[in-house]
Amino acid sequence: MTLTSEALPPPAWTPNPEGEHGEVFTRRWVVDLILDLVGYRPEADLGGSTIVEPACGCGAFLLPIVERLSESSAMHGRVLADLDDAVRGFDLLAHNADHTRKAVTAKLLELGESLSTAEHLTQSWVTTGDFLLTDHGDDVADFVVGNPPYVRLEQIPDEVSDAYRSECSTMRGRADLFVGFFEKGLALLAPSGRLGFICADRWMRNQYGARLRQLVGDRYALEALIEMHDADAFEASVSSYPAITVLRNAPQGRVKLVEARPSFDEAASRRLAPWLRSEADEEPADASFEVAELRGWFTGGDHWPTGSPHVLELLADLESRFPPLEDPRTGTRVGIGVATGCDDVYISDAPQGIEDDRLLPLVTAGDIVSGQPKWGGRYLINPWEDGRLVDLVEFPRLAAYFRVHESRVRRRHVARRRPSTWYRTIDRVTPGLRERPKLLIPDIKSAAHPVLDEGHYYPHHNLYFVVSDVWDLEVLGGLLLSDIANLFVGAYCVKMRGGTYRFQAQYLRKIRLPFPADVSTGDADELRTAFRRRDARAATKTAASIYGLDEGTLAALAARRSSARV
């Protein structure tokens with residue numbers, strides 16, 4: 001295979017060699033682990049393949065690659081001097097590329113090659129250029145490995161940032177540069193080719209990584225994920241939350257998960273290697289890491305969950321066996337209360353002089369702290385009726401009230417965007433929601449806190465609600481009170497300071513539930529009682545039985561609950 005290096009017209013950008021370019025240099029044993037994971041091992045005929053290193057820096061990956069290629073060539077009867085297309089390394093900085101060429105030349109001489117061969121191969125293998133703005137052609141690499149740069153797009157000149165976004169459809173929002181390296185690297189892979197990067201794992205769990213997650217889910221397979229947040233993976237101390245990610249141009253199959261602990265080092269990686277290479281049947285038990293193997297991986301552009309390997313294993317199992325909370329078959333739906341954009345105008349506990357039918361009793365997170373709705377006497381001054389904005393001519397007292405506060409109400413974004421309906425709230429008031437029984441769930445909590453409103457109040461925007469056509473809401477409330485519901489939300493949500501969770505609709509929808517008909521009368525009674533008593537422990541025990549979880553898993557959930565609430 002031939003890897004072309006036809007550069008696109010580059011933006012006028014000359015990087016400052018003394019500036020910051022997101023360089024973080026990888027320890028040798030980490031490089032060896034990545035090369036092993038992608039299958040770049042001397043026993044394979046590496047001379048018949050192509051490996052790409054898109055940001056070679058000072059040669060942390062290229063030197064071990066050359067060593068392995070030389071050893072493999074000797075084993076398989078190849079002549080190293082003929083392998084111009086076996087390696088491609090890129091670096092944006094000329095001084096990095098020059099340093100790497102010198103190091104590779106010295107390594108080839110050390111391995112017994114002549115000076116002319118060493119210089120020829122080095123010039124073929126190492127390119128000074130922008131990997132992201134080079135036209136590489138399609139399906140030309142069997143392996144792509146490296147440690148792509150950690151740089152935010154806003155730190156790059158606008159014309160260069162625009163060129164990167166044009167080339168890489170996954171680079172949106174405040175993306176890090178490494179998102180583009182993933183996309184371009186994956187595009188290079190031949191069928192069954194593998195990419196192995198050590199990189200910050202933020203893209204797995206934030207908004208700017210959504211397109212990359214979607215790309216991976218649609219076209220590639222995650223084969224291994226080694227979280228190394230606390231491991232000493234780099235030559236210098238960094239706070240980048242790194243992970244080794246191995247992706248393959250193949251259908252999704254089984255996934256090896258590892259959580260490396262602070263003691264994880266070269267010796268620990270050697271103990272782990274047989275299991276990663278599927279040479280060991282049983283999961284290794286080791287104080288330096290925790291492992292699990294999943295049958296598949298999470299799909300779509302949604303956030304990938306966080307947690308220990310065994311937590312993710314449990315999530316994957318539950319997601320394979322149970323439908324989500326929001327389900328049209330049961331008419332179960334998640335929503336959020338009303339946002340006004342100016343609460344001190346639209347919400348009042350003494351709304352005198354306004355038509356009575358424009359006042360909607362409003363419940364807030366503070367009203368349900370006890371586990372029962374205790375209305376604080378606040379009303380929403382409601383400009384909606386049956387889903388339509390009312391005509392102020394028909395409600396003169398409401399009109400007079402809004403005229404008093406008109407200047408403040410019009411300053412809101414929603415009013416500036418729609419000046420003809422300047423008095424609307426940000427959200428419509430949903431017809432019938434106040435009267436409908438619903439579970440109310442506060443946004444920010446250390447654990448789920450579902451509370452039943454039997455149909456008296458309209459929720460404020462700091463509350464999410466769950467309604468259902470089929471579920472007994474007290475039984476459903478018992479399931480949502482359990483640690484199993486917390487497990488899902490905790491794995492997917494963005495944690496707040498102190499470890500509290502965000503119980504937002506997108507995370508609540510991740511919760512998996514049995515069908516109501518599959519919950520026995522006895523289990524339903526126990527869940528209902530646990531919900532009424534606010535007994536999360538009892539709710540968890542019953543829920544665990546319904547979900548088919550063993551005692552060990554139940555104990556682990558209890559421990560997780562205790563640690564989360566400390």
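# A chat about a predicted model

Modeller: Let us start with proline 351, which lies in the loop between strand E13 (347-348) and strand E14 (359-363), and please keep in mind that this is a predicted model.

Colleague: Okay, is proline 351 buried or exposed?

Modeller: Proline 351 is buried, because its relative accessible area is 14% and buried means under 20%.

Colleague: And which residues does proline 351 touch, not counting residues up to four places away in sequence?

Modeller: Proline 351 touches Leu359 and Tyr379 on that count. For a contrast in the other direction, take alanine 94, which is 257 residues from proline 351 in sequence and, from C-alpha to C-alpha, 70 Å from it in space.

Colleague: You mentioned Tyr379, so how far apart in space are tyrosine 379 and glutamate 394?

Modeller: From C-alpha to C-alpha, glutamate 394 and tyrosine 379 are 20 Å apart in space, with their places 15 residues apart in sequence. Glutamate 394 lies in the loop between E17 and helix H11 (396-404), and at 58% relative accessibility this glutamate counts as exposed.

Colleague: Before going on, what is the mean pLDDT of the protein?

Modeller: The mean pLDDT is 89, and 91% of the residues reach 70 or more. There are weaker stretches, however, including residues 1-10, over which pLDDT stays under 50 and for which the model has 28 contacts beyond four places in sequence. Over residues 17-23 pLDDT also stays under 50, and there the model has 11 contacts beyond four places in sequence. Where pLDDT is low, the predicted coordinates should not be read in detail.

Colleague: New topic, then: how many disulfides does the structure hold?

Modeller: The structure holds zero disulfides.

Colleague: Why is cysteine 58 not bonded to cysteine 56?

Modeller: The sulfur of cysteine 56 is the closest cysteine sulfur to that of cysteine 58, but the two are 8.3 Å apart, which is too far for a bond, because a disulfide needs the sulfur atoms within 2.5 Å. Cysteine 199 is in no disulfide either, since the nearest cysteine sulfur, that of cysteine 168, is 14 Å away.

Colleague: Are those two cysteines, 58 and 199, buried or exposed?

Modeller: Cysteine 58 is partly exposed, with a relative accessible area of 29%, whereas cysteine 199 counts as buried at 1% relative accessibility.

Colleague: What about aromatic rings, how many pairs does a search of the whole structure find?

Modeller: The search finds 21 aromatic pairs. One of them is tyrosine 40 with phenylalanine 143, whose ring centres are 5.2 Å apart and whose planes stand at 80°, so the pair is edge-to-face.

Colleague: Where in the chain do tyrosine 40 and phenylalanine 143 sit?

Modeller: Tyrosine 40 is in the loop between helix H1 (28-38) and strand E2 (51-53), while phenylalanine 143 is in strand E6 (residues 141-146), so this pair links distant parts of the chain, 103 residues apart. Tyrosine 40 counts as buried at 0% relative accessibility, and phenylalanine 143 counts as buried at 10%.

Colleague: And which residues do ring pairs link into a cluster?

Modeller: Ring pairs link Phe182, Phe197, Trp203, Trp297, Phe298, Trp304 and Tyr492 into a cluster. Tyrosine 492 also has the charged end of lysine 510 over its ring, 4.7 Å from the ring centre. In another such arrangement, the charged end of arginine 358 sits over the ring of phenylalanine 395, 4.8 Å from its centre.

Colleague: Tyr492 is in helix H15, right, so how many residues of that helix are buried?

Modeller: Helix H15 (residues 483-492) is mostly covered, with 10 of its 10 residues buried, among them Asp483, Asn486 and Tyr492.

Colleague: What does the side chain of histidine 303 lie beside?

Modeller: A polar atom of the histidine 303 side chain lies 3.4 Å from the backbone oxygen of arginine 205. Histidine 303 itself is in the loop between strand E11 (289-294) and helix H9 (309-321), and at 13% relative accessibility it counts as buried.

Colleague: Last one: which value does phi of aspartate 386 take?

Modeller: Phi of aspartate 386 is near 55°, which is a positive value in a residue other than glycine. Aspartate 386 lies in the loop between strand E16 (384-385) and strand E17 (388-389), and it is exposed, with a relative accessible area of 65%. Arginine 534, also not a glycine, has a positive phi of about 60°, but at 24% relative accessibility arginine 534 counts as partly exposed.

Key: Residues numbered from 1 in each chain as written. Heavy atoms only, no water. Buried < 20%, exposed > 50% of the residue type's maximum accessible area, 1.4 Å probe, protein only. Helix = DSSP H or I, 4+ residues; strand = E, 2+ residues; numbered from the N terminus. Polar contact = N/O pair within 3.5 Å; in protein donor to acceptor, adjacent residues only side chain to side chain. Phe/Tyr/Trp six-rings, centres within 6.5 Å; stacked < 30°, edge-to-face > 60°. Lys NZ or Arg CZ within 6 Å of the ring centre and 35° of its normal. Contact = heavy atoms within 4.5 Å. pLDDT = per-residue confidence, 0-100.
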